Amino acid sequence: MENKGPYYITTAIAYTSGKPHIGNVYEIVLADSIARYKRQIGYDVRFQTGTDEHGQKVEEKAKQAGVSPKEFVDKVSAEIRQQFDVMNLSYDKFIRTTDEDHERSVQHIFKKLYDQGDIYKGKYKGMYCQECEAFYTKSQLTADGKCPVCGSDVKPMEEEAYFFRMSKYAPRLIQYIEDHPEFIQPESRKNEMINNFLKPGLQDLCVSRTSFTWGIPVSFDPKHVIYVWIDALSNYITGLGYDPDEPYTELYKKYWPADLHLVGKDIIRFHTIYWPIMLMALGEPLSKQVFGHPWLLTGSDKMSKSKGNVIYADDLVNLFGVDAVRYIMLHEMPFAQDGHVSYELMIDRINSNLANNLGNLVNRTISMQNKYFNGKVTNPGVSEPVDEELKQKAMETVKTVDAKMSELRVADSIDAIFELLDRSNKYIDETTPWSLAKDSEKVSRLATVLYNLLEAIRISAVLLRPYLPETSEKILDQLNTQKRDYDSIQEWGRMETLISVTPTPEILFRRLDEKEVMAKVAVIEEKQQEAMRKLKAETEKKPEIAMEDFGKLDLRVGKVLSCEKHPKADTLLIEKVDLGNGDIRQIVSGLAGSYTPGQMIGKSIVVIANLKPAVIRGVESQGMLLAGKNKDEIAVVEVNGLEPGTRIQ
């Protein structure tokens, strides 16, 4: 195989906030299939993945768990790697942003950008989402004032910070994207970046924080920690040994610029705007391509622990086996649209495509070779016109896979291979080997037919190696062929003769009984739900407070005089509440899902009377009422026999 030179592929690094579900693991399986394919056709591939381990969210989770942040990320990073490794991945480097060499290089990168005037100190004021660890302006929030990315609550925050002069490089980046149409894929992502972010004007980027400590300290101002953008994004070059204060490493000189950054569509902005501008500022070449893949959804929803629709890779592998899960992940994801999976769909795909189409074809072909020729492979070359169609289909499939993979259309490549398997099954029906075996004068024709089937299976198995590596090897082992490299499938007829196939073909994929599988799924889901109940109970525990802290609350009995729906929010009500002595308060509450306005009128409730007023969707709220939540139902705390204004102690 001709050496086609270096090829560097990366995934986004996984955030160490918890165990990744298959929607997260899908990305690295997709990258693995591309890396394996590139190696197979002659590239010297370097494949990098890893974990993103700093930030406020990690600091908070570690505190909740009662461990240090480093202990927390060590545990979670190992769990993430285990979920990756169970999928039989071939990465060359697993980087952690707590690696000493990475942290040192990031400090040097930050200092270089500061020294050349691209980073400056200022103050940040905006709405902060801790879940995303991102700041937003009020205009960027959702209609009900939530985070536009994850839907979580945001809070106003102001702090001293260092900023990166993004605006300085924006015109140059726009020009680069226009001159390199292949840089952002799919095409729709490119249009989104230019029209929604670059052309309206880039704001300078906050690149340090002082409100938490779990991060890489700014070397010349250690009360600041380097924020996620420079820390996490730099992994793509620090993983090659890049350090602006050191000579280039051999790895960096060989593999940079990256050929492909494979990332989720939700973080493509960071990789096609923030990251290339950082590279421009460092004076380094830009990556050749960023592909923003769609999401793998459960049914029609994005996977979320809170929704209870999470599926984990290790659970699936225990149910179905590694290659069956790889097949589902890769086959069910279209090029530019979200993919949808369910247990029922997985069972159907495994039974129809893997067990029937692929597994049955291999099993019965090898069985016929053993039955009619004691396993010995020959090719007398007694051909008929029907043979040419199979041969042509096989050679077309090799070209189709090459063409589709050059566009990163992995699912389409797999479809092309399974079309060849379909054609091979049809060829059996057309040539009826069992009928040829009954005629002693058709022995040579029978041998030719079986050779053609074995050759089509061999070509299919070599093509399947990037996607189903274990299955590919099992098939080639059963054929007992040495012709396994990509060069061997560039022409028909490279399958050896006078070799013997395995005498006992292995069943590659067993048919699944849906009832049996779903019973196992029910056990898995119950374990997950129990774990979630425990986690929720732990996270909902409030920290201990002193008596004087409780004394700061002014809790009073209030009587609801009137109530109406909020004009701008379906979930909110506006109550007028009498707190006694002529103190009438207006309170906005999120009770519309549980109470009608009429049901609230006349209730004696408990109000926090000394809460600072807040404007909620354009209406001032002058206090807060107490309520409890049981599953999805909210119930107001009511009191009887106490007059409005009575203090609750």
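The following exchange goes through helices, a sheet and the nonpolar cores of a predicted model.

Colleague: How many Å apart are the end C-alpha atoms of helix α3, and which span should its residues give?

Modeller: Helix α3 runs over residues 69–85, and at 1.5 Å a residue its 17 residues should span 24 Å. The distance in the predicted model agrees with this expectation, because the end C-alpha atoms of α3 are likewise 24 Å apart.

Colleague: Which residues of α3 are buried, and on what arc around the axis do they lie?

Modeller: The buried residues of α3 are F72, V73, V76, S77, I80, Q83 and F84. Their positions put them on the same side of α3, because around the axis they cover an arc of only 120 degrees.

Colleague: Which elements cover the buried residues of α3?

Modeller: Among the helices that cover them are α1 (22–40), α2 (56–65) and α11 (313–320). Strands also take part in this cover, and they include β2 (14–15), β3 (44–52) and β4 (93–96).

Colleague: In the open sheet of four strands, which are the edge strands?

Modeller: The strands of this open sheet follow the order β6-β5-β7-β9, and their pairing is antiparallel. An edge strand pairs on one side only, and this holds for β6 (134–136) and β9 (205–206).

Colleague: Which residue of β7 does Y124 stand opposite?

Modeller: Strand β5, residues 119–129, and strand β7, residues 155–164, pair over 10 bridges in the antiparallel sense. Across from Y124 in β7 stands E159.

Colleague: Which helix gives the most residues to the largest nonpolar core?

Modeller: The largest nonpolar core has 107 residues, and F320 and L358 are those with the most contacts inside it. At least three of its residues come from each of domain 1 (6–118 + 165–293) and domain 2 (355–500). The helix that gives the most to this core, with 14 residues, is α17 (residues 443–464).

Colleague: Leaving out residues up to four places away in sequence, what does L358 touch?

Modeller: L358 is one of the two residues with the most contacts inside the largest nonpolar core. With those sequence neighbours not counted, L358 touches N353, F418, L421, L464, L468, T471, I475, L508 and F509.

Colleague: How many residues does the second, separate core have?

Modeller: This second core is separate from the other, and I194, L198, C206 and V263 are among its members. Its size is 60 residues.

Colleague: Is S33 buried or exposed?

Modeller: S33 is found in helix α1, and, not counting residues up to four places away in sequence, it touches R326, L330, M405, V410, P466 and Y467. Its relative accessibility is 0%, so S33 counts as buried.

Note on methods
Residues are numbered from 1 along each chain as its sequence is written. This is a predicted model: local features need pLDDT of at least 70, side-chain atom pairs count only at pLDDT 80 or more; totals for chains, interfaces and linings use all residues. Side-chain values use heavy atoms; hydrogens and water are left out. Helices (H or I, at least four residues) and strands (E, at least two) are DSSP runs, numbered from the N terminus. The expected span of a helix is 1.5 Å times one less than its number of residues. Buried means under 20% relative accessible area, exposed over 50%, partly exposed in between (1.4 Å probe, protein chains only). The arc is that of the directions from the helix axis to the C-beta atoms. Contact means heavy atoms within 4.5 Å. Two strands pair if DSSP finds at least two bridges between them. A nonpolar core is a set of buried Ala, Val, Leu, Ile, Met, Phe, Trp, Tyr and Cys residues joined through side-chain atoms within 4.5 Å. Domain bounds come from an automatic or database domain assignment.
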